[in-house]
Amino acid sequence: MNIKKVLKTILPLILGGFLVWYSISKISIDVLIGYFKQANYGWIFLGLFFGILSHLSRAYRWKFILEPIGFKPKFTNSVLAVLVGYLVNLALPRAGEVSRALVLTNYEDVPFEKGFGTIVAERIADLVMMLSIVAITLFVQFDFIYELLTKNFNPIKIGIGLVVLIVGFYIFTSFVKRAKKGILLKIKTFISGLIEGVTSIFKMKKKWAFIFHTIFIWVMYVAMFWATIPAINGLNVPFGGILIGFIAGGFAIAATNGGIGLYPIAVAAALALFNVPTEPATAFGWIMWTAQTAMIIIFGGLAFLFLPIYNKSK
C-alpha cells in the first residue's frame, strides 16, 4: 500500500485523537456528561431538522448543474449520494466527493468525470458563500473585530502588515499571470478554473434556482448552529458570536476529519471572545459536533444500505 495514502489516512486520525484529548482537558468528563444529560434535546432536534433540510436542498440543487450536460438522476439517488458522501468524508477528507460521483456513475450512468466536475462547481459556489459569510461577519462585527485587533496588536504593525500583504499579492498575481510552467502555472490554471466555475453558474438556464438553493443551504447551516445554542441552559451568545462561532466551526470541519477534536476547541475559542465561560462553550461545541456527526453516521449508513435496495433493478 502507498505510504503517502496511509499517512493521509492515519495522521488526521492521530491529530484528531490529540485534539479530543486537548479539548477534554479543558472540561472534566463528568461535567461534560452532565451538560449532555441536562441539554434540551428539543432544540438539538430542531437544529438537526435544519441540517436535514440543507442536505435535501443540496441534492435538489445538484440537478441544476447536471441537466445542462444531459442527465436527470432520480432525486432519491441524489439524496442518497449526498448522504454517502458526507459519511465517507468523516473517514477520508475529500473522498466523499469521489464516492458521491461514483454513486451516480453506478446507479444513474453519469460518467464519473462529469459527475465529479459538477461537484467541483458546487464546491466553488459553497466557497463563495463561506467567504460571503466571513465578509458579512466582518461588516456586522467591524467595531468588535477592530477593537480586538487593536487591543492585542499594534495598529501601526497591522497597517504595515496590510500594506505588505497588498503589495505582495500584487507582485504574486503579476508573476502568476505571466507563468508558463511550474507551480505558478498550476496556480494560474486553478484560479482560472475557479473563475470559470463561478461564472458558469450564471450561464445555466435555472441559475436563480441554483443561487436560491445555495443561499438556502448556508442559511440552514447557520440556523442549525443558532438553534442548538439554547440547548444549554444559560448559554447566551450574541448574533456576532453565532457568526464567528459558525465560521470557526466550519474551518475546523474542513481542517480535520469532520472536525473531530478541533470543532469544540475552535467553537469554544470563538465564543470566548464574547465572554462565554469555557465550560459551557466547550460543552456546546461537543454537543453541536456530536449531533451533526451522529446525523451523518445514521443517515449516511442508512443511505449505504438503501442504495442497492432502491436500485435493485440495476
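Glu-67 and Lys-206 form a salt bridge, with 3.7 Å between the closest N and O atoms. This contact joins distant parts of the chain, as the partners lie 139 residues apart. Glu-67 sits in the loop between α3 (41–66) and α4 (75–91). Lys-206 sits in the loop between α9 (182–201) and α10 (207–228). Glu-67 counts as partly exposed because its relative accessibility is 26%. Lys-206 is also partly exposed, at 42%. The model is predicted.

**Salt bridges around Arg-123**

The salt bridge count comes to 7. Two of the pairs involve Arg-123, and the table sets them beside the loop pair.

| Pair | Closest N to O |
|---|---|
| Glu-67 and Lys-206 | 3.7 Å |
| Arg-123 and Glu-97 | 2.8 Å |
| Arg-123 and Asp-126 | 3.6 Å |

Take the pair with Glu-97. Arg-123 belongs to helix α6 (residues 112–140), and Glu-97 to helix α5 (residues 95–108). The two are 26 residues apart, and their pairing links distant parts of the chain. Is Glu-97 buried or exposed? Glu-97 is buried, because its relative accessibility of 7% falls under 20%. Arg-123 is partly exposed, at 29%.

Now the pair with Asp-126. Arg-123 and Asp-126 both lie in helix α6, 3 residues apart, so about one helical turn separates them. In an α-helix, residues three or four places apart point the same way, because each turn takes 3.6 residues. Asp-126 is buried, with a relative accessible area of 5%.

Shared partners extend the picture. Arg-58, Arg-61, Glu-97, Arg-100, Glu-122, Arg-123 and Asp-126 are joined by salt bridges into one network.

**The largest pocket**

The largest pocket has a volume of about 1,200 Å³. Its lining has 40 residues, and those closest to the centre are Arg-94, Arg-123, Gly-250, Ile-253 and Ala-254. Arg-123, a partner of Glu-97 in a salt bridge, is thus also among the residues closest to the pocket centre.

Which helix gives the most to this lining? The answer is α6, with 8 residues. Several helices supply at least two residues each: α3, α4, α6, α9, α10, α11 (239–255) and α13 (278–310). By class, the pocket lining has 24 nonpolar residues, 11 polar and 5 charged.

**The largest cavity**

The structure holds 1 cavity of 30 Å³ or more. The volume of the largest cavity is about 50 Å³. Its lining is made by Arg-58, Val-82, Gly-85, Tyr-86, Asn-89, Gly-96, Glu-97, Arg-100 and Arg-123. Members of the salt-bridge network include Arg-58, Glu-97, Arg-100 and Arg-123, and these residues line the cavity.

By class, the cavity lining divides into 2 nonpolar, 3 polar and 4 charged residues. Both α4 and α5 supply at least two residues of this lining. Helix α4 gives the most, with 4 residues.

**Helix α4**

Helix α4 supplies residues to the linings of both the largest pocket and the largest cavity. Why is α4 described as largely enclosed by the rest of the structure? Of its 17 residues, 14 are buried, so the rest of the structure largely encloses α4.

The length of α4 can be checked too. At 1.5 Å a residue, its 17 residues should span 24 Å, because the expected span uses one less than the number of residues. The end C-alpha atoms of α4 are 25 Å apart, which agrees.

Notes:
Residues are numbered from 1 along each chain as its sequence is written. This is a predicted model: local features need pLDDT of at least 70, side-chain atom pairs count only at pLDDT 80 or more; totals for chains, interfaces and linings use all residues. Side-chain values use heavy atoms; hydrogens and water are left out. A salt bridge is a side-chain nitrogen of Lys or Arg within 4 Å of a carboxyl oxygen of Asp or Glu. Buried means under 20% relative accessible area, exposed over 50%, partly exposed in between (1.4 Å probe, protein chains only). On a 1 Å grid over the protein atoms alone, a cavity is a set of points where a 1.4 Å probe fits but cannot get out, and a pocket is an open set with protein on both sides within 12 Å along at least five of seven lines; lining residues have an atom within 4 Å of a point. Grid points are joined across faces, edges and corners, and a volume is the space filled by probe spheres set on the points. Ala, Val, Leu, Ile, Met, Phe, Trp, Tyr, Cys and Pro count as nonpolar, Asp, Glu, Lys and Arg as charged, and the others, Gly among them, as polar.
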